[in-house]
Each structure stands twice: as structure tokens, then as C-alpha cells.
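Colleague: I've just opened this one and I'm new to it. Could you walk me through it?

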Amino acid sequence: MKREISQILKEFVEIPSVNPGNCKLEDNDFFGEAAFVEHVYEMFCAEGYYCEKQEVLPGRCNLLIRMNERLGEKPIVLFQTHSDVVDVKEMKDAFSPKIREGKLWGRGSCDAKGQLCAMLLVMEQLKEQKEELPFDLCLALCCDEEFQHRGVDEFLNWEYRDKVVFAVVGEPTELRVASACKGSIRFCIETTGTAAHTSMPEKGENAIYLMAKIIQIFQNKIEKQTVCKHDSACKNATVAVSLIQGGTIVNSVPDRCVIHIDRRMIPGETWETVYQEIEDMVCEELNESEKARVIFQKPYLIDPSYGTKLEEDRKRIIGEVLKKHGLHEQIIGLPYGCDASKLAKWEIPVFVFGPGSIEQAHTKEEYIEIEQIVKASEVLKDVVLKLTEKE
């Protein structure tokens, strides 16, 4: 099984599926999920699964995979993960995967093509008994998770959503089961000024100087108040100034400066409240003239947090399965966001689980341990079978 899954994952990683963000697909051969989704589609169809593509954006599709031809007669257990990967940046041979020391190295191996492999193994093990199972097992492979989660947003309209009893989202959790995760908002703050020649700076108003004051407000006030917000599962809320742009030429007083804000929300926080709190805290420290030169732009990313309230029976069942496999029994929260928060809108239990570590994801040394993929599939199978006994 290890040799077979290593080869499948190797083929997955060899097919680039970099999220293009705001770029056009034709700008780079690596951009877009189409080639990878087509490969998975053909592979699953050849193995006797029923597959359906769901167009989300031009050239970018979700892929829905099921074991049974017809749905709707049984409850549905949903596996979900994503087809896109982040940019390769300085990563060498990102799509030329190598296997050494029981690990497969390459972009997407950990986040999240290794998760797809674990879910594939579960489906393969249960396929022969699909008629006797009290549930239908489906897999949704969604696009655009790494940018604006438009794939899962489109999938939320799935015609069989009312039949789903619980979902497992594949992310690198180090074989821990999570039932909560942080969300985030990202937005820009802009300061304006008056351009002038740097030989006579007194004739202008420097937008960078005003922004420097705002950055100090974040460092000395907003960050300290934000980290005081705490969740038992997901720990502290956080905020960071992550990008800055200002000025155009060296000999001109800049009339514009922009910073990007990344605010991570814990369960229970809403983006509207968080956004307003930041605006209020900034404005409290500025005079009227300065406030007139500040523009708070609306968020360009809104990714809600989530926390699933689990019945004690479900907690016990999951704990027993994890203990059986020698894993941590405690259900945790995650410090990062994922598609689980969107699926939670269906008001069903949503778990996040998978092989690999978030510490390897998105890095130039991304890898996953093959042994963890196999073990993840064993845990997933047992969790699905045990939880569906309860339904």
C-alpha cells in the first residue's frame, strides 16, 4: 500500500495546480487546477467511481466523487479537501517530487494532495461493501481554497447538502482531530497626502509619516488588545501589519501609502465587529486633520472562524478510535483557517484531520511522511464506521 500510495502522490505532485490569485491562468503554465482535476477525474472514473465536475470559475472546477451512482437514499458522509496549492516562490524542483527517508517532498505533498491520498485509500477500502454500508461516502475536491475559497462557496449549494450528517476536511493536522479553527479578515488602510519635491518637503504632506503613526498604534495598542482575546481551543486572536506600499520616486514626498492588515479571528468573533474595533482604535489616536487623510478599505478576504459543538457520544467515539491507533485523544482547535468554517454553515459536525504538519505546508521544504498518509486512512475509516453506527 505504501508503494502504491507513494506513486499516486508522486503523480499528483508532478501536476502543478498553483492558485493564480488575481492573475490570469495564461500568465503561467503552473496556474490553475484544471490539469490536476482532470487527472484525478480520469483516475477515479477508471476505478469505477462516479465523478462530476462543477464549474466555479473559467477553467477552474470542483470535482465531486461518489461510490454509488445514485444519491439521496442514504445519509451522506462527506470528505472534502482542496486541489490548489500555493506559489512555489524559492522552492527548487517544486513539481519534481522526490522520496527519501519515508517522506515525499514537493509542492502540495502536505497541503493538501497527501490528504486526498488518505481519503482515496478509505474509499478504496470501503468500495466493495458500498451496498451494505448505511451511508454514502462522497468526496468534494474544491478549487481556490488558498485564495478566496470560491470553490467551497460554490459547493455549499450542493443539491444533496441536506443529506450530509458530518464532514471531514483534509488539512495537515499531524493526525490530530480538530473541531474548531481561526478565521481571518484581510483589508487595506490607506493614507493620503500632498506630493511635493523633496527639496521643499514642507510644501507637501507625507503619507508615509502618517502611516508610520498608524503602524505604531497597531504595535503599541491594537496588537496588545487583540491577543487578550482567547479561545480554549484556538488560543489567542492575532493581528499583523503584513505588507506596505508607499511612494513612487525617491525625490518626491509621497501622497499615498497603503498597508495590509491580517486579523485572525477566534470562534465567536465576527468580521464586522473586529473590523470596526480596529477602525475605532486607530481613529481614537488621530486628530481630525489626520482622520480626514485615512481610508479604511473594505476587506478583500473574509474567512469565518468556526467551532463545532460535539455531543459527548461523538467525542467519546472519536477519542476511542484515536486511542486505538496510539494518537492523542483530545480534540483540538487550529490556529489557521480552512474550508471547514464554510461547511459548518450547513449546521453539521465538521472535523479537520489529516497527515502532515502545517509547519511544512507553504514552505520551500514541503514534505509529508508516507506512513502518516496510510495511518490517516486507517483512522478515517474507523471514525466513519463508528460514527455512522450512531446515526
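**A first walk through the model**

Modeller: Sure, and keep in mind that this is a predicted model. Let's start with helix 2 (residues 34-46), which has 13 residues and reaches 18 Å from its first C-alpha to its last, close to the 18 Å expected at 1.5 Å a residue.

Colleague: Which residues of helix 2 are buried, and what arc do they cover around the axis?

Modeller: The buried ones are Phe36, Val37, Val40, Met43 and Phe44. They sit on the same side of helix 2, because the arc they cover around the axis is only 130°.

Colleague: What do the buried residues of helix 2 pack against?

Modeller: Two helices are among their neighbours, helix 1 and helix 3. Strands are there too: strand 1 (50-57), strand 2 (60-66) and strand 6 (136-142).

Colleague: Which residue with a positive phi follows helix 2?

Modeller: Look just past the helix for a phi near 95°. The residue that has it is Gly48.

Colleague: Let's talk rings. How many aromatic pairs are there, and how far apart in sequence are the parts that Phe12 and Phe36 tie together?

Modeller: The count comes to ten aromatic pairs. Phe12 and Phe36 make an edge-to-face one, with 5.3 Å centre to centre and 85° between the planes. Both residues are buried. Phe12 belongs to helix 1 and Phe36 to helix 2, so the pair ties together parts that are 24 residues apart in sequence.

Colleague: And Trp158 and Tyr160: are they buried or exposed, or somewhere in between?

Modeller: These two form an edge-to-face pair as well, at 5.7 Å centre to centre and 75° between the planes. Buried needs under 20% relative accessible area, so Trp158, at 8%, counts as buried. Tyr160 has 24% relative accessibility, so its label is partly exposed.

Colleague: Which residues do ring pairs link into a cluster with Trp158 and Tyr160?

Modeller: Ring pairs join those two to a further Phe and a further Trp. They are Phe155 and Trp346.

Colleague: On to the sheets. Which strands stand at the edges of the open sheet with the order 4-5-21?

Modeller: This sheet has three strands with antiparallel pairing. Each edge strand has a single partner strand, so one side of it is left without a neighbour in the sheet; the two are strand 4 (98-100) and strand 21 (367-369).

Colleague: Which residue of strand 5 is the bridge partner of Lys98?

Modeller: Strand 4 and strand 5 (residues 103-105) run antiparallel and are joined by three bridges. In one of them, the partner of Lys98 is Trp105.

Colleague: Which helix packs on that sheet, touching strand 4, strand 5 and strand 21?

Modeller: Helix 3 (residues 109-127) lies across strand 5 and strand 21, at about 40° to strand 21. The one you're after has a direction that makes about 15° with that of strand 5, and touches strand 4 too: helix 1 (residues 2-14).

Colleague: How many residues of strand 9 are buried, and which residue stands opposite Cys188?

Modeller: Strand 9 (residues 183-192) is largely enclosed by the rest of the structure, because eight of its ten residues are buried. It pairs with strand 15 (residues 256-265) in the antiparallel sense over ten bridges. There, the residue opposite Cys188 is His260.

Colleague: Which residue of strand 16 is the bridge partner of Thr191?

Modeller: Strand 9 and strand 16 (residues 294-296) run antiparallel, with three bridges between them. The partner of Thr191 is Val294.

Methods
Residues are numbered from 1 along each chain as its sequence is written. This is a predicted model: local features need pLDDT of at least 70, side-chain atom pairs count only at pLDDT 80 or more; totals for chains, interfaces and linings use all residues. Side-chain values use heavy atoms; hydrogens and water are left out. Buried means under 20% relative accessible area, exposed over 50%, partly exposed in between (1.4 Å probe, protein chains only). Helices (H or I, at least four residues) and strands (E, at least two) are DSSP runs, numbered from the N terminus. Two strands pair if DSSP finds at least two bridges between them. Contact means heavy atoms within 4.5 Å. Axes are lines fitted to C-alpha atoms, for helices over the stretch in contact, and angles run from 0 to 180 degrees between N-to-C directions. The expected span of a helix is 1.5 Å times one less than its number of residues. The arc is that of the directions from the helix axis to the C-beta atoms. Rings of Phe, Tyr and Trp (its six-membered ring) pair if their centres lie within 6.5 Å; planes under 30 degrees apart count as stacked, over 60 as edge-to-face and the rest as tilted.
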